[in-house]
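Reader: Hey, I've got a protein open on my screen and I'm not sure where to start. Can you walk me through it?

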Amino acid sequence: MATRDEARTWVDGYVKAWTSNDEADIRALFTEDAEYRYHPWEEPVRGQDAIVASWLDSKDEPDDWSFTWDVLAVDDGTVVVQGRTPYLNGSSYLNLWVIRLTEDGRASRFTEWYMEEPT
């Protein structure tokens with residue numbers, strides 16, 4: 001069962017990977033058979049290799065964004081995170097992540113909802 005501290009550690013690792021765009025940092029977040037959904041209605045990207053490739057295909061540059069976040073809930077291994085991502089270009093997004101953490105602290109499922117804030 002995940003704790004708030006474990007959830008915070010995972011999100012810290014996500015932010016580290018988002019900043020570094022380093023394959024090892026990304027890979028460390030997910031189980032080998034993980035599913036990553038960029039949109040809840042789409043088929044997930046499946047497996048570490050595919051997640052890494054997809055991430056690097058659409059990566060953000062480290063100085064183009066900032067991210068504030070909070071863990072909203074942790075229940076039986078499922079974590080809900082709310083965030084806000086402003087970009088230097090003026091766009092800003094509100095984020096909601098639902099993450100299924102395994103006992104070793106990696107995500108087996110990750111689904112994100114994000115919406116652009118009105119300007």
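**Helix 3 and its neighbours**

Author: Sure, and keep in mind that this is a predicted model. Let's begin with helix 3: its buried residues pack against helix 1 (23-27 is helix 2, which they also touch), strand 1 (30-37) and strand 2 (45-46).

Reader: Okay, which residues of helix 3 are buried?

Author: Helix 3 covers residues 48-57, and Q48, I51, V52, S54 and W55 are the buried ones there. Looking down the helix axis, you'd find those buried residues within an arc of 170 degrees, so they line one face of the helix.

Reader: Why would residues that aren't next to each other in the chain end up on one face?

Author: An α-helix has 3.6 residues a turn, so residues three or four places apart point the same way.

Reader: Makes sense. And which exposed residues sit on the face turned away from the buried side of helix 3?

Author: That face carries D49 and D57, which are exposed.

Reader: Switching topic: how are the strands arranged in the sheet?

Author: There are six strands in an open sheet, ordered 2-1-6-5-4-3, and their pairing is mixed. Strand 2 and strand 3 are at the edges with a single partner strand each, so one side of each has no neighbour in the sheet.

Reader: How do strand 3 and strand 4 pair?

Author: Strand 3 (residues 68-75) and strand 4 (residues 78-86) are antiparallel, with seven bridges. They make a hairpin with two residues between them, and D76 in that turn has a positive phi of about 50 degrees.

Reader: Can you give me one residue to click on in strand 4?

Author: Try G83. In strand 4, G83 is the bridge partner of W69, and G83 also stands opposite N95 in strand 5.

Reader: How many bridges join strand 4 to strand 5?

Author: Nine, and those two strands run antiparallel.

Reader: Last thing, what about pockets?

Author: The largest pocket holds about 390 Å³ of space. Its lining has 16 residues, and W18, Y38, D60, Y87 and E112 lie nearest the centre.

Reader: Which helix and strands supply at least two residues each of that lining?

Author: Helix 1 (4-20), strand 5 (92-101) and strand 6 (107-116). Strand 5 gives the largest share, three residues.

Reader: And how does the lining divide into nonpolar, polar and charged?

Author: Nine residues of the lining are nonpolar, four are polar and three are charged.

Definitions and conventions:
Residues are numbered from 1 along each chain as its sequence is written. This is a predicted model: local features need pLDDT of at least 70, side-chain atom pairs count only at pLDDT 80 or more; totals for chains, interfaces and linings use all residues. Side-chain values use heavy atoms; hydrogens and water are left out. On a 1 Å grid over the protein atoms alone, a cavity is a set of points where a 1.4 Å probe fits but cannot get out, and a pocket is an open set with protein on both sides within 12 Å along at least five of seven lines; lining residues have an atom within 4 Å of a point. Grid points are joined across faces, edges and corners, and a volume is the space filled by probe spheres set on the points. Helices (H or I, at least four residues) and strands (E, at least two) are DSSP runs, numbered from the N terminus. Ala, Val, Leu, Ile, Met, Phe, Trp, Tyr, Cys and Pro count as nonpolar, Asp, Glu, Lys and Arg as charged, and the others, Gly among them, as polar. Two strands pair if DSSP finds at least two bridges between them. Buried means under 20% relative accessible area, exposed over 50%, partly exposed in between (1.4 Å probe, protein chains only). The arc is that of the directions from the helix axis to the C-beta atoms. Contact means heavy atoms within 4.5 Å.
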